[in-house]
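User: Please take a close look at the charged side chains that pair up in this protein, and tell me how the pairs sit in the fold around them. I would like one connected walk-through.

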Amino acid sequence: MNRYPFVYEKNKPFLQQVGEWVADVFYDILPEAGFEIRDEQIYMAYQLERAFADKATLFAEAGVGTGKTLVYLLYSVCYARYVGKPVIIACADESLIEQLVKPEGDLAKIAKHLQLTIDARLGKSPDKYLCLRKLDEAREKDAEAELFDSVSRELPDFVYKSAAMQAFHAYGDRKQYPYLNDEQWERINWDPFQDCFVCDRRHRCGQTLSRDHYRGSSDLIVCSHDFYMEHVWTFESRKREGQLPLLPDHSAVVFDEGHLLETAAQKALTYRLKHSVFESLITRLLDGEIRESLALAIEDALMRSDALFLLLERTSKAVAGSSRKRVEAGEELLREIGKLRSALDLVEEELVFESELYTLNDYHLKIVEEHLELMQRALALFGRGETPICWAQDSPEGLMLVIMPRAVKEVLRERVFSQRMPVIFSSATLSVRGSFDYLADSLGIDAGKSFSVDSPYEYAERMEAFAPLQGGFANSAEKTGAALAQIGHTDGRALLLFNSREELNRFKKESEELRGAADYPFLFEGDREISGLISDFQNEERTVLAAVTLWEGLDIPGPSLSNVIVWSLPWPPQDPVFEARRNASANPYEEVELPYMLLRLRQGIGRLIRTREDRGRVAILDEGLAASAELREIVQGLLPEGVVLEALQRR
């Protein structure tokens with residue numbers, strides 16, 4: 001059996017041969033199967049050949065309809081086989097992963113039309129798997145215990161048996177429980193504070209079994225940006241603990257919708273502290289026979305931790321449109337942090353003496369020591385002159401303190417972009433006004449190749465765009481009515497995009513009575529698992545879908561998506577992360593806010609036209625467009641050539 005999909009000649013450069021084969025695929029093989037020839041694909045293929053050959057970072061900006069995914073998949077499979085290590089395809093979120101691996105997705109197309117068997121395996125984020133321990137707790141204590149009992153009954157038989165397993169069996173994936181809403185799922189799924197290393201269920205856990213499976217891929221591992229960044233952030237600590245990294249050694253990385261990588265990095269490259277978790281871990285030491293001095297040190301550390309989190313509860317401030325609460329890093333907070341660090345120092349000293357007595361469980365002691373070290377590393381960031389980026393966040397077990405080093409760019413530069421391997425950013429929106437500097441600077445990329453090709457579609461003939469050009473809305477209810485009027489123009493078949501859950505929930509509440517008069521269904525993100533909602537939206541043509549996270553990646557060709565309604569321009573939130581970026585910028589509006597908004601808006605508008613036959617309308621309901629001629633001009637410049645922003649038809 002041939003290793004490569006072409007006859008490999010050892011006396012010729014390998015990637016040159018890949019390029020010749022890819023040209024044959026796009027000029028001969030796929031057209032015979034009914035695919036359209038696209039010169040943009042050949043141009044992109046040439047650029048990818050150079051990036052793989054030079055092991056360079058490449059910004060590959062290609063408009064909708066250029067077939068960029070097929071190009072990077074072909075190169076990735078061949079390169080993985082040549083190097084002998086898989087290529088990581090990191091997608092922005094789980095819905096994008098589904099678009100890639102679904103039965104009619106790009107991987108399936110390649111397999112079918114090129115007679116090419118691809119070993120592509122999914123590496124989903126841990127929070128996309130249920131936790132057996134949390135499920136058992138929910139079955140016993142939750143108000144919806146009967147619902148979680150039904151989840152338990154769906155589990156494979158081997159989960160509660162001790163017999164050896166004969167083969168890999170995927171289970172526990174969020175997608176398998178579409179009837180659970182997001183809140184219900186969060187009560188039984190994995191979360192960052194699960195003590196997995198000491199869990200007696202870990203060898204039957206769906207997450208563990210899936211991890212063992214995808215590590216064996218020879219071609220591709222498909223995961224999310226979040227998961228790849230978690231791999232980067234935990235790589236060293238997992239090595240110290242004797243654990244395998246989350247992802248195996250790999251030959252290259254492709255970041256699909258790469259403009260969103262910064263958000264994933266911000267989410268992953270953080271420390272998360274909870275008093276409840278610290279208390280749960282350290283009080284286990286009190287169960288055994290320990291010296292009185294250690295017991296007193298533990299009690300003092302718990303008191304100091306409790307005092308710190310009570311202070312955070314009292315002083316942290318909610319931020320509109322964000323789940324992150326602003327933390328005031330004043331003298332009182334720094335004083336409490338100092339007291340807690342001193343108390344932790346004493347516990348660590350006492351544990352050194354206690355460990356020599358061999359009265360503590362070695363494995364449990366190691367877990368406690370690791371957690372103390374994590375707390376110390378996180379809290380030490382407050383003593384380095386410049387306060388780290390931090391915020392508080394509510395959780396079912398109490399407040400969580402999240403601390404992010406300001407040097408995220410340096411972490412990415414060192415652990416991702418300095419590695420000698422190809423790193424490909426693929427998206428229709430990587431540049432802002434023709435420049436890739438915004439993305440490169442935010443990620444710490446010092447050098448890279450780039451190119452940009454436009455979409456081949458005739459937007460002027462197939463897209464209309466509307467906005468309130470003369471006067472805003474009197475109130476939120478009037479804006480809701482305008483949104484419903486826009487939906488009426490296409491008899492449903494609409495995607496509504498919101499910037500926050502608060503915006504979505506307000507629309508959901510205000511539109512309830514008016515929606516009841518419509519004879520097409522409304523779907524809201526959060527009510528069910530997202531891929532199930534997307535499937536219903538695609539297959540039930542007149543459906544309306546309201547979402548917060550589908551600004552990018554959603555690919556619904558045909559009449560089911562004939563109308564994109566942008567509730568408000570997607571400016572960055574006023575949360576601590578963006579506040580830090582604004583404060584570090586000489587011109588926050590031009591360097592931070594506007595580039596972020598334009599990239600996200602381009603993505604949202606891009607959900608409309610997905611094929612040459614598609615047509616439809618975009619409505620941007622932001623009152624700022626009526627108030628500012630400059631902003632109208634900027635948004636007009638963002639629209640495809642030939643599409644003119646027209647006055648909104650309010651009825």
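Analyst: Let's begin with aspartate 136, which has a relative accessibility of 15% and counts as buried (buried means under 20% relative accessible area, exposed over 50%, and partly exposed in between, with a 1.4 Å probe and protein chains only). A word on the basis: this is a predicted model, where local features need pLDDT of at least 70 and side-chain atom pairs count only at pLDDT 80 or more, while totals for chains, interfaces and linings use all residues. Residues are numbered from 1 along each chain as its sequence is written, and side-chain values use heavy atoms, with hydrogens and water left out.

The partner of aspartate 136 is arginine 139: the two form a salt bridge whose closest N and O atoms are 3.4 Å apart (a salt bridge here is a side-chain nitrogen of Lys or Arg within 4 Å of a carboxyl oxygen of Asp or Glu). Both residues belong to helix 6, residues 132–141, and being 3 residues apart there, they are separated by about one helical turn. (Helices are DSSP runs of H or I with at least four residues, strands are runs of E with at least two, and both are numbered from the N terminus.) Arginine 139 is partly exposed, at 30% relative accessible area, whereas aspartate 136 is buried. As background, side chains of opposite charge can pair when their charged atoms come close.

A second pair joins aspartate 212 to arginine 215, with an N to O distance of 3.8 Å. Aspartate 212 is partly exposed, its relative accessible area being 49%.

Next come aspartate 527 and lysine 508, whose side chains meet in a salt bridge at 3.0 Å, N to O. Aspartate 527 sits in the loop between strand 14 (522–524) and helix 22, and lysine 508 in helix 20 (residues 501–510), so this pair ties together parts that are 19 residues apart in sequence. Each partner is partly exposed: aspartate 527 has 36% relative accessibility, and lysine 508 has 26%.

Salt bridges can also be joined up here: Asp491, Arg493, Asp519, Glu541 and Arg542 are linked in a network of them. Altogether the structure holds 36 salt bridges. Across the protein chain, the 78 positive and 107 negative charges have mean positions 1 Å apart; Lys and Arg count as positive and Asp and Glu as negative, with His and the chain ends not counted, and each charge is placed at NZ of Lys, CZ of Arg, CG of Asp or CD of Glu.

Now for the surroundings. The protein chain contains 26 helices and 18 strands, and 55% of its 651 residues count as buried. Helix 4 (residues 94–101) is largely enclosed by the rest of the structure, because 7 of its 8 residues are buried. Two acidic residues, Glu94 and Glu98, are among those buried in helix 4. Helix 22 (530–539), which follows the loop of aspartate 527, is one of the elements covering the buried residues of helix 4, and helix 3 (68–83) and helix 5 (106–114) are also among them.

For an uncharged side chain, look at glutamine 47 in helix 2, residues 39–54. Glutamine 47 is buried, with a relative accessible area of 7%. Leaving aside residues up to four places away in sequence, glutamine 47 touches Leu58 and Phe451, where contact means heavy atoms within 4.5 Å.
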